[in-house]
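Student: I should like to learn how the words used for a protein structure are justified. May we examine an example together?

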Amino acid sequence: MVIVGDNRGILIPFLEKVRHNQSRLSGLRLLHTHLKEQELDQEDLMDMIFLRLDSIEVLTVSEEGYPKSYAYAHILPANKQEQMYSISSLLPWDQADFNPKEVIKSLEEELERTSAKTSEVLEENRALLISVDSAPKKEQEATLEELKALAQTAGLEVRGFFIQQVKKVNPAHILSKNKLAELEVLALQKGASILVFASELSPSQLRNLTNITERKVIDRTQLILDIFAQHAQSRAGKLQVEMAQLKYTLPRLIKQNRALSRLTGGIGGRGPGETKLELDRRKIRTRLNKIEEELNQIKKQRKTARSLREKSEIPIVALIGYTNVGKSTLLNTLTKSQVLAQNKLFATLDPTSKKMRYPQDREIVFTDTVGFIKNLPQELKEAFSATLEELYPAHLLLHVADASHPHLAKQIQAVENILKDLELQDKPKILILNKWDKLEEESKNFLANQYPQAVKISALHKEGLEELMQIIFRKLF
Ligand SMILES: Nc1nc2c(ncn2[C@@H]2O[C@H](COP(=O)(O)OP(=O)(O)OP(=O)(O)O)[C@@H](O)[C@H]2O)c(=O)[nH]1
Ligand SMILES: [Mg+2]
């Protein structure tokens, strides 16, 4: 099929046969003229990359209107030199040696070999993780490791990291167009169709990114919201997540720019898309109001339930801590319950309370609730204020930490910070180092020195629980 444009551009209609698969080339070659004797320029190369063109070719024209010189470029599969593309210089047009059919066929085969075929995960669920920050590389790597755990919990397959250390993050364009082109080629080479940014993207950053790349762009906040949405069980939990999602989406609603029409250079203005956008916004606001009303209702009910519990004078012990440290496992072991505990971030969203009886005929109530994470998105903080209210009547906080985690100290600090945020820092508190069974002797000694006050346990293997129960008893009674 041949599509012809004019001096202003070329409109590529939606073609059934064009590959929309993000990890493959589009199946389109672009041949265009330069009226002067000019090689392929930066803009040509950018079009090739962002439109995933099989190749871009230029034919210059003599003053008499005859073909003169010819040059071509195409993207390269992953290579040691980390080159993004191969580009030729201008040659007399009848001496050009480019055989597109052959070159592109082998290029596609190579791309497939290095990217796509190696995984069970659906193409649209393969992601690259990106960090752009002034922090040192090591620190950014750690951030991406946590993001990777989040991505995997959300069902994504992580195909690679992309780290940029910058003096200052550009508030409008988080990455320059050149860097974004690098990222685009890396995504193609790795067969990834989602770009996940480690920082929260402002509405304008998101808009600018999606104006350039056709790939799906999401940020850490959206990822966490997705996980919450997957894990929410109760009516209240679901409403809270929906509210957070809507609040997050509202300023970020955009008309999706289809990159394939971009070569026309300048479709714009307030088309019918904009009107639809206004409608969408209004719908969202109405929905938000409804949710807020219902949540207020739930808040009231919870308050009543809480004051009943408070009246009953049974002390309340709240389990708090970073996500995935073993809070639910501990609740299960201590109260012989079957709350969901698994190796996933944010397995628990809804608060659960379980009673336990001491041999001395004393009772306590354990409350398990949503785990914390560093840089908790603001939308979630607000949405979960109702859940976190369960912490206020608690007589004692058990701060559970994962002793085997490489960033134990940072996680403990993050939890302390959130407690301060919630004005809960003055509650009586016990630090618990869980997963003690996973440690080598050396780390045990080190941590015992570092955290002499902490209670060392293994919730999974039921170790150290006697002592923990005694300490709790002494604190409460
Ligand atoms: N080796 C070991 N693994 C543990 C221990 N305690 C919990 N785990 C595991 O850690 C993972 C997370 O446990 P959860 O109890 O779901 O953790 P959580 O703190 O409730 O996590 P969220 O609710 O997701 O925030 C599970 O795979 C548990 O089996 C322990 O003492 N030792
Ligand atoms: Mg849990």
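Tutor: The following exchange sets values beside definitions. This is a predicted model, in which local features need pLDDT of at least 70 and side-chain atom pairs count only at pLDDT 80 or more, while totals for chains, interfaces and linings use all residues. Residues are numbered from 1 along each chain as its sequence is written, chains are lettered from A and ligands numbered from 1 in the order in which they are written, and side-chain values use heavy atoms, with hydrogens and water left out.

Student: How many helices and strands does the protein have, and what makes a run of residues a helix or a strand?

Tutor: The secondary structure comes to 14 helices and 15 strands. Both are DSSP runs numbered from the N terminus: helices are H or I with at least four residues, and strands are E with at least two. Helix α8, for example, covers residues 272-311 and contains Arg309.

Student: Why is Leu253 called buried?

Tutor: Buried means under 20% relative accessible area, exposed over 50%, and partly exposed in between, with a 1.4 Å probe and protein chains only. Leu253 has a relative accessible area of 17%, and is therefore buried. Its place is in the loop between α7 (235-249) and α8. Buried residues make up 48% of the 477 residues in the protein.

Student: Which class fits Glu82, and which fits Arg309 and Asn324?

Tutor: Glu82 has a relative accessible area of 70%, so Glu82 is exposed. Arg309, at 24%, is partly exposed, and Asn324, at 23%, is also partly exposed.

Student: What is notable about the phi angles of Glu82 and Asn324?

Tutor: Glu82, in the loop between β3 (67-75) and β4 (85-87), has a phi near 55°, a positive value in a residue other than glycine. Asn324, in the loop between β10 and α9, has a positive phi of about 70° although it is not a glycine.

Student: How do you know that β10 and β12 pair, and in which sense?

Tutor: Two strands pair if DSSP finds at least two bridges between them. Strand β10 (residues 316-321) and β12 have four bridges, in the parallel sense. One bridge joins Leu319 to Asp368 in β12.

Student: How many bridges join β11 to β12, and do the strands run parallel or antiparallel?

Tutor: Six bridges join strand β11 (residues 352-357) to β12, and these strands run antiparallel. Arg357 has Glu363 in β12 as its bridge partner, and Lys354 has Phe366. The two strands form a hairpin with five residues between them, and Asp361 in the turn has a positive phi of about 70°.

Student: Why is β12 described as largely enclosed?

Tutor: Five of the six residues of β12 (residues 363-368) are buried, so the strand is largely enclosed by the rest of the structure.

Student: What makes β11 and β15 edge strands?

Tutor: Six strands form an open sheet in the order β11-β12-β10-β13-β14-β15, with mixed pairing. β11 and β15 (455-456) each have a single partner strand, so one side of each is left without a neighbour in the sheet.

Student: What makes a residue part of the surroundings of ligand 1, and how many are there?

Tutor: A residue is near a molecule or strand if one of its heavy atoms lies within 4 Å of it. For ligand 1 there are 23 such residues, and the closest are Lys327, Thr329, Ala347, Thr348 and Asp437.

Student: Why may Ala347 and Asp437 be said to make polar contacts with ligand 1?

Tutor: A polar contact is a pair of N or O atoms within 3.5 Å; within protein, one must be able to donate a hydrogen and the other to accept it, and residues adjacent in sequence count only if both atoms are side-chain atoms. A backbone N or O atom of Ala347 lies 2.6 Å from an oxygen atom of ligand 1, and a side-chain N or O atom of Asp437 is 2.7 Å from a nitrogen atom of the ligand. Both pairs therefore meet the cut-off.

Student: What makes Ser328 and Thr348 donors to the magnesium ion?

Tutor: Donors are N, O and S atoms within 2.8 Å of the metal (3.2 Å for Na, K and Ca); water is not among the atoms, so sites may look incomplete. Ser328 (OG) and Thr348 (OG1) coordinate the magnesium ion (ligand 2) at 1.9 to 2.1 Å. Ser328 lies in helix α9 and Thr348 in the loop between α9 and β11, 20 residues apart. Both residues are buried.
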